[in-house]
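Please open the structure in your viewer and keep the sequence panel beside it, since the tour below moves from one selection to the next. Each stop names what to select and then describes what is there.

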Amino acid sequence: MTELPSPLPPLAPASPSPTPARSRFSLPRPRSLALRLVRLYAGLALYGAGIALLVRSGLGLDPWEVFHQGMSVRTGWSIGLCINLVGALVLLLWIPLRQRPGLGTISNVLVVGTSADGVMALVPAPAAWPVQWAFLLSGIVAIAAASGLYIHAGFGPGPRDGLMTGLNRLGLSIRLARTVVEIGVLAVGWLLGGTVGIGTVVFALTIGPVTQVFMKLWAPAGDTARPPGTKPS
């Protein structure tokens, strides 16, 4: 019997799915716990170093660091110790807000202030204004880069960020909660003797866009999902 021709042409072999484009700066996908831990602690240590550079610049600090510095001025404690103590106190506020801390949250309380004190012990305050500005801008970049690292590690938000998301659960928008809290700590810190200046303004205007850049650069290749343990802002 003669075989009838097929009415349909043979199907072409399926082409393989395209591999997601990878930036030369993209980090490998964090499949191992060890790699995630490296990112977490490198990010927290770098964050503390960035704070130290802001303090040493003498040009002004972000709201929380103004508060920490003011507390340091009044108590005689180191800024790093004040950062850690305030972080622990803020963490207590998570209890009525029903927030659950992660490893990154606890580590934030222990590492950031310790790193800040260590870097400040090694780096003296500059006298020349160009160096002051270099310290300020380097501190902002360091904090932005550090934020991208520890957020993508996925071990939970820092105590202060968790406070914002906890207030969000009570009905406040993240933006309103952050504005109210940061204006409050800025005012109290300034009254206590913390440094408010041009650096405070520069930090406020640049930290968001610069952090966004590093969030993209540090993102694991092909990963479009939000890192585990983080919440939308």
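pLDDT is the predictor's confidence in each residue, given on a scale from 0 to 100. It is the right place to begin, as what you have open is a predicted model.

**Colour the chain by confidence**

With the whole chain coloured by pLDDT, the mean comes to 84, and 81% of the residues reach 70 or more. Among the elements of the chain, helix 2 has the highest mean pLDDT, at 97, while helix 7 has the lowest, at 83. Next select residues 1-30, where the pLDDT is below 50 and where the model nevertheless has 29 contacts beyond near neighbours in sequence. Then move to residues 224-233, over which the pLDDT also stays under 50, and for which the model has 15 contacts beyond four places in sequence.

**Switch to a cartoon view**

How many helices and how many strands does the chain have? The chain has nine helices and zero strands, so that a reading along the sequence gives α-α-α-α-α-α-α-α-α. Of the 233 residues of the chain, 42% count as buried. If you display contacts between residues at least 6 apart in sequence, 81% of them join residues at least 24 apart. With the surface turned on, the accessible area of the chain comes to about 13100 Å², and 68% of that area belongs to carbon and sulfur atoms.

**Select Glu65**

Glu65 is found in helix 2. Is this residue, Glu65, buried or exposed? With a relative accessible area of 6%, Glu65 is buried, because buried means under 20%. Leaving aside neighbours within four places in sequence, Glu65 is in contact with Ile51 and Ile83, and these two are worth showing as sticks alongside it. If you add Thr200 to the selection, you will find that Glu65 and Thr200 are 135 residues apart in sequence, yet 9.8 Å apart in space, C-alpha to C-alpha.

**Select Trp77, Leu81 and Leu85**

Moving on along the chain, Trp77 has its place in the loop between helix 2 (63-75) and helix 3 (79-92). Trp77 counts as partly exposed, because its relative accessibility is 39%. Together with Leu81 and Leu85, Trp77 forms a nonpolar patch on the surface, and the three residues have about 250 Å² of accessible area together.

**Select Tyr47 and Tyr150, then Phe214 and Trp218**

The count of aromatic pairs comes to three. In one of them, Tyr47 and Tyr150 are arranged edge-to-face, with 6.2 Å from centre to centre and 65° between the planes. Tyr47 lies in helix 1 (residues 33-57) and Tyr150 in helix 6 (residues 129-153), so this pair ties together parts that are 103 residues apart in sequence. The partners fall into separate classes of accessibility, since Tyr47 is partly exposed, with a relative accessible area of 21%, whereas Tyr150 is buried, with a relative accessible area of 8%. Another pair is formed by Phe214 and Trp218, which is tilted, with 5.5 Å between the centres and 50° between the planes. Within that pair, Phe214 counts as buried, because its relative accessibility is 14%.

**Select Asp161, Arg178 and Glu182**

Side chains of opposite charge can pair when their charged atoms come close. The structure holds two salt bridges, and this selection brings up both partners of each. In one, the side chains of Arg178 and Asp161 meet at 3.3 Å, N to O. That pair links distant parts of the chain, with Arg178 in helix 8 (residues 174-192) and Asp161 in helix 7 (residues 159-169), 17 residues apart. Arg178 counts as partly exposed, because its relative accessibility is 30%, and Asp161 counts as partly exposed as well, at 29%. In the other bridge, Glu182 pairs with Arg178, the closest N and O atoms being 3.2 Å apart. Here Glu182 and Arg178 both lie in helix 8, four residues apart, which is about one turn of the helix. Which residues do the salt bridges join into one network by sharing partners? The network is made of Asp161, Arg178 and Glu182, and with these three on screen the tour is complete.

Note on methods: Residues numbered from 1 in each chain as written. Predicted model: local features only at pLDDT ≥ 70, side-chain atom pairs only at ≥ 80, totals over all residues. Heavy atoms only, no water. Patch = residues over 30% accessible without salt bridge, like charges linked within 9 Å, V, L, I, M, F, W, Y side chains within 5 Å. Areas by Shrake-Rupley, 256 points an atom, 1.4 Å probe, with all protein chains shown as cover. Salt bridge = Lys/Arg side-chain N within 4 Å of Asp/Glu carboxyl O. Helix = DSSP H or I, 4+ residues; strand = E, 2+ residues; numbered from the N terminus. Buried < 20%, exposed > 50% of the residue type's maximum accessible area, 1.4 Å probe, protein only. Contact = heavy atoms within 4.5 Å. Phe/Tyr/Trp six-rings, centres within 6.5 Å; stacked < 30°, edge-to-face > 60°.
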